[in-house]
Amino acid sequence: MERVLADVLRDQRNLGNKGDGGWKRSALNVAAAISWYGIVSDILGQSGFDWDGTKHMITVENENAWNEYCTVSIL
């Protein structure tokens, strides 16, 4: 994930979205969107999770799947 963030910020710098005062809001928005995509993709890749297209949110089959994901993600 750190590598992806570094690549995004490099690309945003090359597009002129970093000035002497720091990153422009548009660069930070792009970085945040890509980070969220990575997190959601990771969760959906785990057993027990699904995407609810109506509510536009992740759903979990049972609490055990969520607890296991949190335990593994922390390590």
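**Notebook: strand β3, the hairpin and the salt bridges of helix α1**

Entry 1. Phe49 and its surroundings

I began with Phe49, which lies in strand β3. The model is a predicted one, and I read every value below as computed from it. I asked first whether Phe49 is buried or exposed. Phe49 counts as buried, because its relative accessibility is 9% and the cut-off for buried is under 20%.

I then looked up which residues Phe49 touches beyond its neighbours within four places in sequence. I noted contacts with Ile43 and Leu44, and I found that helix α2 covers residues 25-44. The list continues with Ile58, Thr59 and Val60; strand β4 takes in residues 57-60. Ala65, Trp66 and Tyr69 complete the list of contacts of Phe49.

I also checked Phe49 against Trp23. The two are 26 residues apart in sequence, and their C-alpha atoms are 35 Å apart in space.

Entry 2. The hairpin of β3 and β4

I followed strand β3 along residues 49-52 and looked for its pairing with β4. The two strands pair in the antiparallel sense, over four bridges. For Trp51 I recorded Ile58 as the bridge partner in β4. Ile58 had already appeared among the contacts of Phe49.

Between the strands of this hairpin I found four residues. I noted that His56 takes a positive phi there, near 55 degrees.

Entry 3. Salt bridges

I next asked how many salt bridges the model holds. The count comes to three, and I went through them one by one.

I started with Asp7 and Arg3, whose closest N and O atoms are 3.7 Å apart. Both residues lie in helix α1, which I traced over residues 2-14. They are four residues apart, about one turn of the helix. Asp7 is partly exposed at 23% relative accessibility, whereas Arg3 is exposed at 61%.

Asp7 also meets Arg10 in a salt bridge, with an N to O distance of 3.1 Å. Here the partners, again both in helix α1, are three residues apart, about one turn of the helix. Arg10 has a relative accessible area of 35% and is partly exposed.

The remaining entry on my list joins Asp11 to Arg10 at 3.2 Å, N to O. Asp11 is partly exposed as well, with a relative accessibility of 37%. I therefore placed Asp11 between the cut-offs of 20% and 50%.

I concluded this entry by drawing the links together: Arg3, Asp7, Arg10 and Asp11 form a network of salt bridges.

Entry 4. A nonpolar patch

I searched the surface for nonpolar side chains and recorded a patch made by Val4, Val30 and Ile34. The patch has an area of about 190 Å². Ile34 is found in helix α2. I asked why Ile34 could be admitted to the patch, given its relative accessible area of 33%. Ile34 is partly exposed at 33%, and it qualifies because patch residues need over 30% relative accessible area.

Entry 5. The chain as a whole

I turned last to the overall layout. I noted three helices and four strands in the chain, and from the N terminus on, the elements run α-β-β-α-β-β-α.

What radius of gyration does the chain have, set beside a compact globule of 75 residues? I recorded 16 Å for the chain, where such a globule would have a value near 11 Å. Along its principal axes the C-alpha trace spans about 50 × 30 × 15 Å.

I then checked burial and found that buried residues make up 13% of the 75 residues; Phe49 counts as buried. Of the contacts between residues at least 6 apart in sequence, 16% join residues at least 24 apart. The accessible surface of the chain is about 5,900 Å², and I noted that carbon and sulfur atoms account for 55% of this surface.

Terms used:
Residues are numbered from 1 along each chain as its sequence is written. This is a predicted model: local features need pLDDT of at least 70, side-chain atom pairs count only at pLDDT 80 or more; totals for chains, interfaces and linings use all residues. Side-chain values use heavy atoms; hydrogens and water are left out. A salt bridge is a side-chain nitrogen of Lys or Arg within 4 Å of a carboxyl oxygen of Asp or Glu. Buried means under 20% relative accessible area, exposed over 50%, partly exposed in between (1.4 Å probe, protein chains only). Patches are made of residues with over 30% relative accessible area and no salt bridge: like charges are joined within 9 Å, nonpolar side chains (Val, Leu, Ile, Met, Phe, Trp, Tyr) within 5 Å. Accessible areas come from the Shrake-Rupley method with a 1.4 Å probe; for residues, only the protein chains shown count as cover. Two strands pair if DSSP finds at least two bridges between them. The radius of gyration is taken over C-alpha atoms; the globule rule is 2.2 Å times the number of residues to the power 0.38. Contact means heavy atoms within 4.5 Å.
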